[in-house]
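Trainee: Could we go through this one together? I'd like to see how each label is earned.

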Amino acid sequence: MMKENKLIQNYITQLTELFSGEPWIEETFESKLKELPEDLAFSKPKEDIHSVAEILSHLIVWRKEILQRVKEKKSPSVTTESPDNWKKLETLKQDGFFQLLNEFNESQELLIEFLKTKTDSFLSTKDNFKNVSFDYYIRGLIHHDAYHLGQIGLVLKYFREKK
């Protein structure tokens, strides 16, 4: 008997489309980041608006966190109040933008590879900490990615128009 994984496949498609595919919004992380110069990646449009590097770091942190929650069933180690939620720009500059891009790409690969091993029944599993389903986490991660893709687009638009 074949296990059902239509929903898992749908989530993989959504993650892939936002990352490097052809979503109907015609924007992807790949298209936004492929020619971004390092200095611009660390530039903030305004003091209270995040740089692209800060946004990418934030996405990486949450992708790793959610993967840890659903893969290893570990208790939450990151919250919205955690220092890792939004790392300081100086800290991110030390590792460089290339390192951030590599980590972001790796987080995508790890997510997709993990989801490929699951069936839809996995999504109904609940965690032991917040009593929410793994479906809730995966859907939330996709929404989170889409939101921050738009945010990156706004930051880049600001710099293009400033020239």
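Mentor: Sure, let's take the labels one at a time and hold each value against its cut-off.

Mentor: One thing up front: this is a predicted model, where local features need pLDDT of at least 70, side-chain atom pairs count only at pLDDT 80 or more, and totals for chains, interfaces and linings use all residues. Residues are numbered from 1 along each chain as its sequence is written, and side-chain values use heavy atoms, with hydrogens and water left out.

Trainee: What makes up the chain, in helices and strands?

Mentor: There are seven helices and zero strands. Helices (H or I, at least four residues) and strands (E, at least two) are DSSP runs, numbered from the N terminus. Read from that end, the order is α-α-α-α-α-α-α.

Trainee: How do you know that the radius of gyration agrees with a compact globule?

Mentor: The radius is taken over C-alpha atoms, and the globule rule is 2.2 Å times the number of residues to the power 0.38. For 163 residues a compact globule would come out near 15 Å, and the chain has 17 Å, which agrees. The C-alpha trace spans about 60 × 35 × 20 Å along its principal axes.

Trainee: Why is Phe114 called buried?

Mentor: Buried means under 20% relative accessible area, exposed over 50%, and partly exposed in between (1.4 Å probe, protein chains only). Phe114 has 10%, so the buried label fits. Across the chain, 43% of the 163 residues count as buried.

Trainee: Where does Phe114 lie, and what is in contact with it?

Mentor: Phe114 lies in helix H6. Contact means heavy atoms within 4.5 Å. Leaving aside neighbours within four places in sequence, Phe114 has contacts with Leu67, Val70, Lys71 and Phe122.

Trainee: What makes Phe114 and Phe122 an edge-to-face pair?

Mentor: Rings of Phe, Tyr and Trp (its six-membered ring) pair if their centres lie within 6.5 Å; planes under 30 degrees apart count as stacked, over 60 as edge-to-face and the rest as tilted. The whole structure has eight aromatic pairs. In this one the ring centres of Phe114 and Phe122 are 5.6 Å apart and the planes sit at 75 degrees, so the pair is edge-to-face. Phe122 is buried too, at 11%.

Trainee: And why are Phe134 and Tyr137 called tilted?

Mentor: Their ring centres are 6.5 Å apart and their planes are at 35 degrees, so the pair is tilted. Both residues lie in helix H7, three residues apart, about one turn of the helix. Phe134 has a relative accessible area of 1% and Tyr137 has 4%, so each counts as buried. Phe114, Phe122, Phe134, Tyr136 and Tyr137 form one aromatic cluster.

Trainee: What makes a set of residues a nonpolar core?

Mentor: The set has to consist of buried Ala, Val, Leu, Ile, Met, Phe, Trp, Tyr and Cys residues joined through side-chain atoms within 4.5 Å. In the largest one here there are 43 residues, and Phe29, Leu33, Val52, Phe97 and Phe104 touch the most other members. H7 gives the most to this core, with 10 residues. Leu33, leaving aside neighbours within four places in sequence, is in contact with Val52, Leu56, Phe97, Leu101, Phe104 and Ile152. In soluble globular proteins, nonpolar side chains tend to be buried together.

Trainee: How do you know that Lys6 and Glu4 meet in a salt bridge?

Mentor: A salt bridge is a side-chain nitrogen of Lys or Arg within 4 Å of a carboxyl oxygen of Asp or Glu. Lys6 and Glu4 come in at 4.0 Å, N to O. Lys6 is exposed at 65%, while Glu4 is partly exposed at 45%. The whole structure holds 10 salt bridges.

Trainee: Which residues does the network around Lys44 join?

Mentor: Lys44, Glu47 and Glu54 are joined by salt bridges that share partners. Glu47 meets Lys44 at 3.9 Å, N to O, and Glu54 also meets Lys44 at 3.9 Å, N to O. Glu54 lies in helix H4 and Lys44 in the loop between helix H3 (38-41) and H4, so this pair ties together parts 10 residues apart in sequence.

Trainee: Are those three buried or exposed?

Mentor: They vary: Glu47 is exposed at 68%, Lys44 is partly exposed at 28%, and Glu54 is buried at 6%.
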